[in-house]
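Hi everyone, thanks for coming. Let me put the model up so that we can walk through it together.

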Amino acid sequence: MSSWKEKCCLVWRRLARRKALSEVRGTRHERHEAEFEVRMKTFKEFDNERLHSSLGHRTSRLDKKWRNNKVAKRRPVIAGNWKMFKTVSEAEDYAVRFLEEVKDVTELDIILCAPFTALYPLKNELEESVVHLGAQNMSWADQGAYTGEISAQMLLDVACTYVILGHSERREFYGETDQEIAKKVQKALAAGLTPIFCVGENLNVREEGKAAERVQAQVSLALSSLSIEELSRIVIAYEPIWAIGTGKTASSNDAQEMCAAIRNTLTGLMGLDAEKVPILYGGSVKAENIVELLNEPDVDGALVGGASLDPLGFAKLVHNAAAVVARAEGI
Ligand code: PGA
């Protein structure tokens, strides 16, 4: 990257932090805001250029370069989100069959995000395997009179290393707000868990042409108070609500565009370190479409709901993803 571009990133980052700080303090510095908009426009022009070169002028050489670059910077992630499915015995049976299929996969991180009741049995099944354990939610409180909640310490106790936070189903059915989600992300990071922080727009917002704006606002609201060190320990999942469980997948171009927009916002918060943050796509991902998605320069993996419920089907998806990574690494 040229020094001009680096400078542009740094200035944008400084201004974004200053803007976030002034908002937190409740004082709006009009001058900084105007300056921020101007700089942001300049940065967007630079990023559009980058996006254009990745989407518009595809040659196989350029493609390969992007993939090699991407894999060198970010380890891909495939995470299964079981949602409210599977009893303890079903989870145990799944683990045995799944592990048999994926035990030799080393090209990417594999995560199973199970219901709370299945976490302890899975701890035993997955011990010393290539599969990491994740939860689907947690409280922002350490402990106390919070009926029905689960703390970060409780998740660590059953060997969880990941936790999904801000999933659209939590936002929609349980009224989770950006502020609450921000508190949960902070708590997870403080405890040493890796949050899989979800963002995504609904169909109305997409049809109004405001998808990127909405998702960038969700990222800023939840993450702008974090340090660069904290931000570099996060995984982000872009999940358009209209694609979750509907069988409709965003096109790989749309997924790329949105993941690039998210990385843009991250660059404003953490500068060039944003290149190291894995951004996943979620929404009707299957073994059949993972390759196309993973070939995009800013899509670093997937959060998979329905297609993670069958151990053999999910293993096939993992193998297809691993083959993309192996190709990029020239293995
Ligand atoms: P889906 O769910 O793959 O069933 O669309 C994705 C998710 O909600 O994480």
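**A walk across the strands**

Let's begin at strand S5, where Phe 197 has Ile 236 of S6 as its bridge partner. A word on the ground rules: this is a predicted model, where local features need pLDDT of at least 70, side-chain atom pairs count only at pLDDT 80 or more, and totals for chains, interfaces and linings use all residues. Residues are numbered from 1 along each chain as its sequence is written. Strands (E, at least two residues) and helices (H or I, at least four) are DSSP runs, numbered from the N terminus.

S5 and S6 (residues 235–238) run parallel, joined by four bridges; strands pair if DSSP finds at least two bridges between them. On the other pairing, S4 (residues 162–165) is also parallel to S5, again with four bridges, and Ile 164 partners Ile 196.

So how many of the six residues of S5 are buried? Six of the six, so S5 is largely enclosed by the rest of the structure. Buried means 20 or more other C-beta atoms within 10 Å of the residue's own, exposed means 12 or fewer, and partly exposed is in between, with C-beta atoms placed from the backbone. Thr 194, Ile 196 and Cys 198 point one way, while Pro 195, Phe 197 and Val 199 point the other.

Moving on to S3 (residues 131–135), four of its five residues are buried. S3 runs parallel to S4 over two bridges, with Ala 135 partnering Val 163. Thanks, and I'm happy to take questions!
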